[in-house]
Every structure is written in C-alpha cells, then in structure tokens.
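Here is a short note for anyone opening this structure for the first time. Please read it with the structure in view.

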Amino acid sequence: MRCLIAAGGTAGHVLPALAVAEVLTERGVHVTFAGSPDRVEARLVPEAGYELDTFPISGFPRRPSLALVRSLLRAAAAPHHCRRILRRRQPDVVLGGGGFVAGPMVFAAATMRIPAALTEADAHLGLANRLAAPFARRLFLAYPLGTRHARKTRVVGRPIPARSRVQPRDASRALFGLPDDVPVLGVFGALAGASALNDFVVEMWADAGPAILHVTGRRDVERVQRRVTRSDYVVLAETEQFGAALSACDLVLARSGSSVWEIAAAGRPAILVPYPFATGDHQAANAKHFVDAGGAIMVRELDLDEVPELVRSLLDDPARRTRMSEAMLRAARPNAADEIADELIALARR
C-alpha cells in the first residue's frame, strides 16, 4: 500500500504529518511526501528519511500586490504539478497535512479518484483546508469545530511524533545539563522563534531566577545566549529530543501552536502565550481548550509582565502543578496518529 502526504509551510504542519507517516510505515505502508522546495518541509522530511516531491506554491498575501498575483498564478498551476506527482507515485490514498501544499494535492487526488483526507491541527479551520474540504473524504480535527462538513469530520487531537514522547526525568535533565534537585522552567517558542517571548524571558532571568531550559528557535539563539550568565540557564536553538526536553521540566512557558498537544501528552502544566497575529486568533483558541481543561493558564502577549509571578507561584506550589498535570493528561489525545493511520488504510481499501 502507498500513501502520499502533502504537508508544509511550518513545523506545526510537518511534524504531525511525520508522526502519521511513522505509524503508517510501521504498518507496512510506503509513504512519500510532497511539499514546497523552499520551506521547512524541504529540511524536515528528508531528515526523517522520507522522499519529498516538490512543486511551487505559496500562501496568499492579505493585501493586493504583485506577490498576490504570483501566488494566484502558482495556485492555478499547482493541480497540474500535483497530478504529475500522483501519476508518478501511484498512491492508494492521500493525506493533506496542512499548509498551502495540501489543498492542491487533495483536489488533484479527487480529480483522479484517489481517496484523500485532511488534517487540521488548530482550533480554527485554515483557508487551505476550507477550500480543500469539499474534495476530501475525511477531515481529522485536533479540536471540536463547527464546520459544514460535519459528516466527514472526526476529532482525534494532534499526532505526536516519536521524538516528543515522554522520557525518564533524571535522564532528560542529564541530557541537557540541568540540575536534578530544583524545579525547571521550560521555555518553548516555535521552530522559527518567538522573539517577544524569548526577549522577555532572557531579560527577566538572564542573571538570576529558576533553572531554565530555553529552546529559542534558530533566529534568536545567538542573541539569547549572549545575555545568559549562569550555568543553570540552558539555551538551545532547537532539539531533536523534544520529549526529553518536556520531561526535564516542571512547568512550561510557550506559544500555543500545535505543540500544545505534545505539552499535554507529557502532562506538563503550562503558561501559554498565544501569538497575537495568528490567523483568526487561533492560538488563543488552542490555549483556551487547555485552560478550560484545567491544565494551562493563558497570558496575552501584552500582559507578559504577569508571567514572573505566575512562574514563581507555580514553581512554589507542587500540589497545584500536580493537579494541572493530571488535567493536561486527561485532555491529551496521544493516539491521534494511530487513529488517522487506521482511517487512511481503511480509505485505501474501499
């Protein structure tokens, strides 16, 4: 059996798609990917050991411009490129894993009568998925959403890649050179970085404060490293051991993109700071899901000054952290990748 996964643009789309690919591969399915040649999938997919076919595609600028015209022309040509990839790969089923690469591939698959499905990792159905949903047979949602396509939807959570699975605490702390006898704050932005959050944290705690594991993203790592003056504040650009990073921490301070599902699966209480310019304010909706579950606290970026006292009070209150941890585990959906893989295999056999 063969499956083609089209996912790209951000790590939040690519990493869940890779998690599904891991499960499909374990079950004997041959998986290949399609995506853009110049976005994060061009690095992450080959690094994970999968073949990647590329075609030109880009998101739509929000204002009339020459860039918008170019994007529309690429979008018009994309189904032709996708059909060429599909003819070469001959998949039995297609998964659109998010980003602007997914829609044209799902549409092209429908025109060739190849069953296709879509995933949505946020609490907001993105433009690409709204356009592609009529051509998909299944729509896998991370969060319960109102949609015109209720008959084909299934709420499964967000797939968790193997690198994000929980590891023993002591081994995780040793891996990152963190002290083993004090609470640790984990700070996670995004693969590209979260400058406002990174700058606030290093400004607040560069010289003194709780032990910190700070994963900044590539853009900000050098600037943050230059500011830190203590050995129990560990700064990394990124890590392939995200599960170990979460396991090393007692409390997480992070954006609320799709990685909130990994935080939940690790059972880590969290202070979530939504990216204020996310489309449809979907990061706030993501955060609210876990706030309502009792496992997280949401702080808007304009209110970052509230964070130090929240961190202090939570690190000083193990009983509250335990209650929040249990709530995160109840909200987690650790089997999302298996559920999606099962459905894809069933679609391919019909």
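The points below cover the sheet, one helix and a group of aromatic rings.

1. Keep in mind that this is a predicted model.

2. Start with the sheet. It is open and built from 7 strands, in the order β3-β2-β1-β4-β5-β6-β7. The pairing is parallel. β3 (52-54) and β7 (153-155) stand at the edges. Each has a single partner strand, so one side of each lacks a neighbour in the sheet. On average, neighbouring strands are turned by 20 degrees against each other, direction ignored.

3. Next, look at β1 (residues 2-6) and β4 (residues 93-96). These strands run parallel and are joined by 4 bridges. Here I5 stands opposite L95 in β4.

4. Helix α1 (residues 11-26) lies across β1, β2 (30-35) and β4. The helix runs at about 160 degrees to β2.

5. Now the aromatic rings. The whole structure holds 7 aromatic pairs. In one of them, the ring centres of Y143 and W261 are 5.1 Å apart; the planes meet at 55 degrees, so the pair counts as tilted. Y143 sits in the loop between β6 (138-141) and β7, and W261 in helix α10 (residues 260-265), so the pair ties together parts 118 residues apart in sequence.

6. Which ring joins W261 in an edge-to-face pair? F290 does, at 5.0 Å centre to centre and with 75 degrees between the planes. F290 belongs to helix α11 (residues 282-293), 29 residues from W261.

7. Y143, W261 and F290 make up one aromatic cluster. Y143 is buried, at 2% relative accessibility. W261 is also buried, at 2%. F290 is buried as well.

Key. Residues are numbered from 1 along each chain as its sequence is written. This is a predicted model: local features need pLDDT of at least 70, side-chain atom pairs count only at pLDDT 80 or more; totals for chains, interfaces and linings use all residues. Side-chain values use heavy atoms; hydrogens and water are left out. Two strands pair if DSSP finds at least two bridges between them. Helices (H or I, at least four residues) and strands (E, at least two) are DSSP runs, numbered from the N terminus. Axes are lines fitted to C-alpha atoms, for helices over the stretch in contact, and angles run from 0 to 180 degrees between N-to-C directions. Contact means heavy atoms within 4.5 Å. Rings of Phe, Tyr and Trp (its six-membered ring) pair if their centres lie within 6.5 Å; planes under 30 degrees apart count as stacked, over 60 as edge-to-face and the rest as tilted. Buried means under 20% relative accessible area, exposed over 50%, partly exposed in between (1.4 Å probe, protein chains only).
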